[in-house]
Amino acid sequence: MRLSAGLLILVLATSAGRAQGDRLAGRWEGTVQSPQGERKAAASFKKEAAGYTGTITGLRGDIAFKEVKVEGDKILATAEVEAQGTTIAIKYEFDLAGDDLKGKGEVDFNGQVFSFNYDLKRAAEAASGAQSVPAQPPQRRESVPQPVQQQSRDYFAGQWKFKWLGRDSPLSTGGPREGTATFRPVVDGKFLELVTEGKSESGAYRELGYLGYDSEKKSVTLFEARGNGIALLCVGDWSSPVSIRFSVAPVQAGGQTLRLKRTINVVAAHSWTMVEELSVDGGPFQRLGNAIYTKVGAEGAKE
């Protein structure tokens, strides 16, 4: 019987002991629940002398495990990915029961924890007890297109819950902040009015702003009038459908010149994240804080 090249890698991933049955080695297929909804997922494990190696489906294709530990029915693994010049660690924990492998992956992004729930089953070919065969080069895996959102001011329209975590600065009080950001159409729908109502360690606050979008230039303009009297004029480049990179006009506060950078990552129709960096008096930009926004009332949104 001929085996496909993709199957050969999975069968070959075992040593002679595989014929006697390895509980973990082989390919597992199923689904993962991510911020973008339910998606197909797969994991592969290979028995090595010192333990296991393998790969798992990530948001940008397959990623390799950095470490895999087996503790009875518990499978503990780690992986790393690069994003915007930063190495992000992912921790996995699975429960192995017969032909079922269930568990989750977790990413701790500056205090915000994102979880991905996996429900996998042993692939039929890997469970057939096939003997080891000579290795063949792996087939190139086609990249799976990621869902993207339409670039429009309407993406932001509505009400969003947010959680922000960061440090103190002349721009705002540090620590955790949470509340709602509501975008309403104004001026015949040409702009969105922004009303932010939240609470921080210093108490409740309310801020106003306006958002506009130029579809030809794919440019987002955001003006904010903060409760402490500071006004921010932000111009963002939305040429990439998955991120908006803002430049912010310098402001003076407390006798210092402040420059802010913002990056919005458009995760899904009901979720986006924001990272802020701050430069003081021409110094290097340093991480100020990060936030996650979730659409209120959207199907599949986390409450």
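**Exercise 1. Classify the two partners of the D99–R122 salt bridge by accessibility and place them in the chain.**

Solution. At 48% relative accessibility, D99 counts as partly exposed. R122 has a value of 12% and counts as buried. The classes are set as follows: buried is under 20% relative accessible area, exposed is over 50%, and partly exposed lies in between, with a 1.4 Å probe and protein chains only. The model is predicted, so local features need pLDDT of at least 70 and side-chain atom pairs count only at pLDDT 80 or more, while totals for chains, interfaces and linings use all residues. Residues are numbered from 1 along each chain as its sequence is written, and side-chain values use heavy atoms, with hydrogens and water left out.

Next, the contact: the side chains of D99 and R122 meet at 4.0 Å, N to O. A salt bridge requires a side-chain nitrogen of Lys or Arg within 4 Å of a carboxyl oxygen of Asp or Glu. Last, the positions: D99 lies in the loop between β6 (86-97) and β7 (100-109), and R122 in strand β8 (residues 112-122), 23 residues apart. Strands here are DSSP runs (E, at least two residues), numbered from the N terminus.

**Exercise 2. How many salt bridges does a search of the whole structure find, and where in the chain are K66 and E80?**

Solution. The search finds 14 salt bridges. In one of them, K66 and E80 meet with 3.0 Å from N to O. This pair links distant parts of the chain, with K66 in strand β4 (residues 61-71) and E80 in strand β5 (residues 74-83), 14 residues apart. K66 is exposed, at a relative accessible area of 59%. E80 has 41% and counts as partly exposed.

**Exercise 3. Describe the salt bridge of E224 and the network that contains it.**

Solution. The partner is R262, and the closest N and O atoms are 2.5 Å apart. E224 sits in strand β13 and R262 in strand β17 (residues 256-268), 38 residues apart. Both residues are buried. Salt bridges with shared partners join E224, R226, R262 and E276 into one network.

**Exercise 4. Which residues lie nearest the centre of the largest cavity, and what classes make up its lining?**

Solution. The structure holds 2 cavities of 30 Å³ or more. A cavity is a set of points, on a 1 Å grid over the protein atoms alone, where a 1.4 Å probe fits but cannot get out; lining residues have an atom within 4 Å of a point. The largest has about 300 Å³ of space. Among its 21 lining residues, T196, E224, R262, M274 and Y293 lie nearest the centre. Strands that each supply at least two lining residues include β9 (158-166), β10 (175-186) and β18 (271-280). By class, the lining has 14 nonpolar, 1 polar and 6 charged residues. Asp, Glu, Lys and Arg count as charged; Ala, Val, Leu, Ile, Met, Phe, Trp, Tyr, Cys and Pro as nonpolar; the others, Gly among them, as polar.

**Exercise 5. Identify the nonpolar surface patch that contains F223.**

Solution. F223 is found in strand β13 (residues 219-225). At 36% relative accessibility, F223 counts as partly exposed. Patch residues need over 30% relative accessible area and no salt bridge, and nonpolar side chains (Val, Leu, Ile, Met, Phe, Trp, Tyr) are joined within 5 Å. The patch consists of V187, F191, Y210, F223 and L233, with about 460 Å² of accessible area together.

How values were computed
Patches are made of residues with over 30% relative accessible area and no salt bridge: like charges are joined within 9 Å, nonpolar side chains (Val, Leu, Ile, Met, Phe, Trp, Tyr) within 5 Å. Accessible areas come from the Shrake-Rupley method with a 1.4 Å probe; for residues, only the protein chains shown count as cover. Helices (H or I, at least four residues) and strands (E, at least two) are DSSP runs, numbered from the N terminus. On a 1 Å grid over the protein atoms alone, a cavity is a set of points where a 1.4 Å probe fits but cannot get out, and a pocket is an open set with protein on both sides within 12 Å along at least five of seven lines; lining residues have an atom within 4 Å of a point. Grid points are joined across faces, edges and corners, and a volume is the space filled by probe spheres set on the points.
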